[in-house]
Amino acid sequence: MDHEILSRYNSSEGASDYTGKFERHWTERVNNWNEQRLLKRLLRSVNGGARNARALDLPCGYGRLHSVLRDLGASTIEADWSFPLLEAARRFHTREQNSGSPLGYVRATALTLPFKDRSFRIVLSVRLCHHIREHQERVAYVREIMRVSGEWLVFTYFDTDSIKNRTHEWRRRYNGKRSKWTLALDEVKKLSSTAGFELVDSAWVSKFFSGHRYVLLRRLNSAG
Ligand SMILES: C[S@@+](CC[C@H](N)C(=O)[O-])C[C@H]1O[C@@H](n2cnc3c(N)ncnc32)[C@H](O)[C@@H]1O
């Protein structure tokens, strides 16, 4: 895990910066809207809706994706490492009218989740993987979110083969920036099948402007 990034999110300045991120500029509001639409589309595959299903949203940040799970009928645990962001999520959900509150808020690290195997029918994990510096930790993280998912798992990662990453790598020759912390789709597929999941769908946040990829996985021997 990158400690600098982690401490930034766990500080009140970092948390309030992230809480305002998708509101500051109209382009960010559009990005947020698009991302929520994409997530709703992916989750359409969740058969029979998710009425009363237990879901985990980790990391929840300030809780911007909770409404997508709520609209599906799921009861969600919002979890994150950052205390200030968990507080921000609580405030955000209280402010939203008729929002239907989450089941609870849990402080947890994604690398060792305090939940039993298959605790949730749906696990959502957005925009964390690319913050994890070491490749083996990214893999451990993916295994951990798979472990707690009883049926569905949606997560994002920064894709090695994205146009954004290829361009970044090419530019690195001149600007000396670090490489992005990525995974490749083949690797995600291998991890999935080893853990008993199949890849149902995947989608770019934006094919040209973002290297983030959403994947939807389903456990092959789930009860659902
Ligand atoms: C880019 S934000 C994404 C939040 C949310 N999923 C969203 O899309 O708005 C990254 C989040 O990861 C959290 N985080 C960073 N390291 C973590 C860890 N090891 N375990 C759990 N949460 C972590 C941060 O506190 C922050 O809320």
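Here are legends for a few close-up views of this predicted model.

**View 1. The ligand in its pocket.** Start with the big picture: the ligand takes up the space of the largest pocket. There are 20 residues around it, and those that come nearest are Leu6, Tyr18, Pro59, Arg64 and Asp80. Sorted by class, the shell is made up of 13 nonpolar residues, four polar ones and three charged ones.

**View 2. Polar contacts of the ligand.** Zoom in on the N and O atoms here. On the side-chain front, Tyr18 puts an N or O atom 2.7 Å from an oxygen atom of the ligand. Tyr18 also belongs to the group of residues that come nearest to the ligand. The backbone joins in too: an N or O atom from the backbone of Trp81 sits 3.3 Å from a ligand nitrogen atom, and a backbone N or O atom of Ala110 is 2.9 Å from a nitrogen atom of the ligand. As for cover, the ligand on its own has 600 Å² of accessible area, and the protein covers 98% of that.

**View 3. Asp2, ahead of helix 1.** Now for a look at the start of the chain. Asp2 is found in the segment before helix 1, which spans 3-9. Is Asp2 buried or exposed? Its relative accessible area is 7%, under the 20% cut-off, so Asp2 counts as buried.

**View 4. Asp2 and Phe120.** This one pairs two residues from far along the sequence. Asp2 and Phe120 are separated by 118 residues in sequence, and their C-alpha atoms are 27 Å apart in space.

Conventions:
Residues numbered from 1 in each chain as written. Predicted model: local features only at pLDDT ≥ 70, side-chain atom pairs only at ≥ 80, totals over all residues. Heavy atoms only, no water. Near = heavy atom within 4 Å. Polar contact = N/O pair within 3.5 Å; in protein donor to acceptor, adjacent residues only side chain to side chain. Areas by Shrake-Rupley, 256 points an atom, 1.4 Å probe, with all protein chains shown as cover. 1 Å grid on protein atoms, 1.4 Å probe; cavity = no way out; pocket = protein on both sides within 12 Å on 5 of 7 lines; lining within 4 Å. Sits in = over half its atoms within 2 Å of the grid points. Nonpolar A, V, L, I, M, F, W, Y, C, P; charged D, E, K, R; others polar. Helix = DSSP H or I, 4+ residues; strand = E, 2+ residues; numbered from the N terminus. Buried < 20%, exposed > 50% of the residue type's maximum accessible area, 1.4 Å probe, protein only.
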